[in-house]
Amino acid sequence: MDYHLRPLGKHCAGTGEPLQPGSQVISVLVQQGEDLERRDYSEAGWQGPPAGTVGQWRCRVPDAEVDKRQPLDPEALLSYLEQLLEDANPAQANMAYVVALFLLQRRRLRLEGCRVDGKTQYLELVGSHGEGPYEVRDLQLPDEELKQLQSSLTHYLQTEWKAA
């Protein structure tokens, strides 16, 4: 039999007050018909195990997590795209494509058209503030590869490129 219990709650089941980061909490499992329900109590709200308690334990409320990820700045991404296109490094074509798609999604770039050169298709893009024009090879990458490149881009922009 699998049990799926919710994580530590945000409020005391006894008082309704918020559980404070770093404070001690008494957690209990209470049988409710066929289901087990988790209840979390602050020390002030603890009046002993409620009826139907199957188990109890003490834990500490974790410190509030600060989301360390910074949102991607479209202006910084546009500068990065310009840098990638200026370098014209074929190894960076995938990254330029992903940055261009992101900027299109954020409406920082507009698609003006497409150009075909032999078997290669290019996206013709213009910045929403008149920048460009930019020409990015349309790679039509599979979703999985796009996700990997987006992850690499995020890491790169939040570490090396930001520091530069």
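## Overall layout

From the N terminus on, the elements of the protein chain run β-β-β-α-α-β-β-β-α-α. That gives 4 helices and 6 strands. The model is predicted.

The protein chain has 164 residues, and 29% of them count as buried. The chain exposes about 11200 Å². Carbon and sulfur atoms supply 48% of that area. Now take the contacts between residues at least 6 apart in sequence: 49% of them join residues at least 24 apart.

## Two helices that meet

Helix α1 covers residues 74-87, and helix α2 covers residues 93-105. Their axes come within 10 Å and cross at roughly 150°. The crossing is left-handed.

Which residues make the contact? From α1 come Pro 74, Leu 77, Leu 78, Tyr 80, Leu 81, Leu 84 and Leu 85. From α2 come Met 95, Ala 96, Val 99, Ala 100, Phe 102 and Leu 103. By class, the contact has 13 nonpolar residues, no polar residues and no charged residues.

## The nonpolar cores

The largest nonpolar core holds 23 residues. Leu 81, Val 99, Leu 103 and Leu 109 touch the most other members. Several elements each supply at least two residues of this core: α1, α2, β5 (120-127), β6 (134-137) and α3 (143-158). Helix α2 gives the most, with 8 residues.

Look at Leu 103. Leave aside its neighbours within four places in sequence. Leu 103 is then in contact with Pro 74, Leu 77, Leu 78 and Leu 81. Leu 103 also contacts Arg 108 and Leu 109.

A second, separate core has 8 residues. Among them are Cys 12, Val 25, Tyr 41 and Val 61.

## A buried arginine

Arg 108 sits in the loop between α2 and β4 (109-117). Is Arg 108 buried or exposed? Its relative accessible area is 5%, and buried means under 20%, so Arg 108 is buried.

What does Arg 108 touch, not counting residues up to four places away in sequence? One group of partners is Pro 74, Glu 75 and Leu 78. Two of these, Pro 74 and Leu 78, also belong to the contact of α1 with α2. Arg 108 touches Leu 103 too, a residue listed among those with the most partners in the largest core. The remaining partners are Val 126, Gly 127, Ser 128, His 129 and Glu 131.

Terms used
Residues are numbered from 1 along each chain as its sequence is written. This is a predicted model: local features need pLDDT of at least 70, side-chain atom pairs count only at pLDDT 80 or more; totals for chains, interfaces and linings use all residues. Side-chain values use heavy atoms; hydrogens and water are left out. Axes are lines fitted to C-alpha atoms, for helices over the stretch in contact, and angles run from 0 to 180 degrees between N-to-C directions. A crossing is left-handed if the near helix is turned anticlockwise from the far one by less than a right angle, and right-handed if clockwise. Contact means heavy atoms within 4.5 Å. Ala, Val, Leu, Ile, Met, Phe, Trp, Tyr, Cys and Pro count as nonpolar, Asp, Glu, Lys and Arg as charged, and the others, Gly among them, as polar. A nonpolar core is a set of buried Ala, Val, Leu, Ile, Met, Phe, Trp, Tyr and Cys residues joined through side-chain atoms within 4.5 Å. Buried means under 20% relative accessible area, exposed over 50%, partly exposed in between (1.4 Å probe, protein chains only). Accessible areas come from the Shrake-Rupley method with a 1.4 Å probe; for residues, only the protein chains shown count as cover.
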